Amino acid sequence: MKSILQEKIYRFACMMLAVVILSCDADTEVDKTFEEILAAQPTVESFSPASAPIQSLVTITGTNLNFVTKAYIGDVEAQIYSRENSRILIIKVPASAVDGIIRLTTDSDKVASSAESLTITYPVPTITSELPTMSVVNENITISGNNLQVVTKVTFGTVNGTIEFQDDRTIIVKTPNTGPSPLALTYSYNTVSGEVAVPLVENYTIDVPTPAVTGFPKAIIKNNPVQIGGTDMNLVTGIIFGTTPITTFEVTPTSITFNAPAELPTGFYAIKLVYGDGMEVTSDPIAYINRNVETYFNFEAQGMEVITAGQAAQITANQLNGTVAQPPFPSSTNYHHLKMLSPTDNGSSIAYMRFSFATNATWKTAFDAGAFNNNPVLHFWLNTNNTTPTLRLYATSAISKKLVHYNTGGEWKLVAVRLRDLFPTVTASDFVSGNYLRMNYLTDNQANVPLEVNADWFIITDEVLTGVGAVDLTSTFN
């Protein structure tokens, strides 16, 4: 049952459609319902030409042709090329057409047929231009000749090139990303007996450039898309992460984006980019951390403002970067460099960083029930540059543990500390105003100064990242 509003809309639509039809044909009756108008019976009075080559246009005259939705020549559907008005319809002869009557149908199951059959002819294309013997992937090649409008495809080996332009004298086709070369370059067209393929160049070469990667990532972290930049990246046809194929990825000429496999454990994996005929561009092993990671200090988003000098007179350097190389990962340009001079006789901190100020407002949640699967593990890069400083980690202002005289041997070590194991009595309720997680650097009454601390990438996750080389030093704190 239509509402009053629906009935008004319905009548208005019918009236507007009738007006449109009346404007096309003055003798068309408009006093009809919407359904009656759509159900009008089309007729075919004539068509021209009587004989048409494939891929050419045929003009049909008749009545109610504006309601035709499909056209056929015999049993082969033809494209409706243009709807001129209710009396003229233009169709395009398909490449596979054979002689037959023209049949038109509407969505109301009305059918109109021509009295005569349309005769189909099959022009034979000829090539007059000299063809190249090689091209680069995505390069356009031009083929010149006669009757080229009937060409159905240009094939490189077994792969069809994309036809960018086609008329009776010219075809412009794009070289596909395929191989191996050499391969056959052919074109196809239809005859009364079916489609035939004609060789153009028997030994055609497709040049597949090597994608040039500007840089693989140094680390990949769970739920963060992997992005690889470079040139000719759209030539990549496959990606292998470790030994696992990546089935879904996005490519542009300058980038590739994909997600690392969720099922792989934390570890080092090479990325292979496959292109051409099974050729590969392979990265060095890349750290993949398949855990949720909370980053606190990386000295990119934060600078030296997070470092407090406890005894500034005993510091010769407190700055971003020193003489050691950058940490292996993640990608970064800055780390904290501290060089400490005179020993302290009371174990006082020469410098320290706090985790609880505005730059790290969320760190206290690490001790919440269930947080980090009840196993918050602090990680940070450390390089003591062949010296033996002491590190003191405070959980609150009163509870601390020391890592005494630790030497990384001139290398970067990814230090791991299991916070709940190191501080078993500390709970989230202990963190009120004035209590904080804090890392202190000390000379600890040593005579062999200066001592050096280089540190970066303070994070918390829910396991010791042994898969990417983390060293668990929890038990060495006293």
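Setting aside neighbours within four places in sequence, M304 touches N318, Q319, L320 and H336 in this predicted model. M304 itself turns up in the loop between β29 (294-297) and β30 (307-309). One of those contacts, N318, is 14 residues away from M304 in sequence, and the two C-alpha atoms are 8.2 Å apart in space. Is M304 buried or exposed? Neither label quite fits: its relative accessibility is 24%, and because buried means under 20% and exposed means over 50%, M304 counts as partly exposed.

Next come the aromatic rings. A pair of rings is described by how far apart the centres are and by the angle between the planes. Searching the whole structure turns up 12 aromatic pairs. One of them brings together Y187 and Y189, which are stacked, with 6.2 Å from centre to centre and 25 degrees between the planes. Y187 and Y189 are both buried.

Another pair, Y269 with Y288, is edge-to-face: here the centres are 6.2 Å apart and the planes stand at 65 degrees to each other. This pair ties together distant parts of the chain, since Y269 belongs to strand β25 (residues 267-269) and Y288 to strand β28 (residues 286-289), 19 residues apart. Burial applies to Y269 and to Y288 as well. The story of these two tyrosines carries on into a cluster, in which ring pairs link F241, F258, Y269 and Y288.

Rings also have charged company in this model. What lies over the face of Y72? That would be R103, at 4.4 Å from the ring centre. Over at Y352, the ring has the charged end of R438 sitting over it, 3.6 Å from the ring's centre.

Finally, there is a sheet to look at. It is an open one made of 4 strands, and reading across it gives the order β9-β11-β15-β14, with antiparallel pairing. Which strands are at the edges? They are β9 (126-127) and β14 (162-166), each of which pairs on one side only. For β9, the link to strand β11 (residues 140-146) consists of 2 bridges, and β9 and β11 run antiparallel. Zooming in on a single residue of this pairing, T126 has N146 as its bridge partner in β11.

Note on methods. Residues numbered from 1 in each chain as written. Predicted model: local features only at pLDDT ≥ 70, side-chain atom pairs only at ≥ 80, totals over all residues. Heavy atoms only, no water. Buried < 20%, exposed > 50% of the residue type's maximum accessible area, 1.4 Å probe, protein only. Contact = heavy atoms within 4.5 Å. Phe/Tyr/Trp six-rings, centres within 6.5 Å; stacked < 30°, edge-to-face > 60°. Lys NZ or Arg CZ within 6 Å of the ring centre and 35° of its normal. Pairing = 2+ DSSP bridges.
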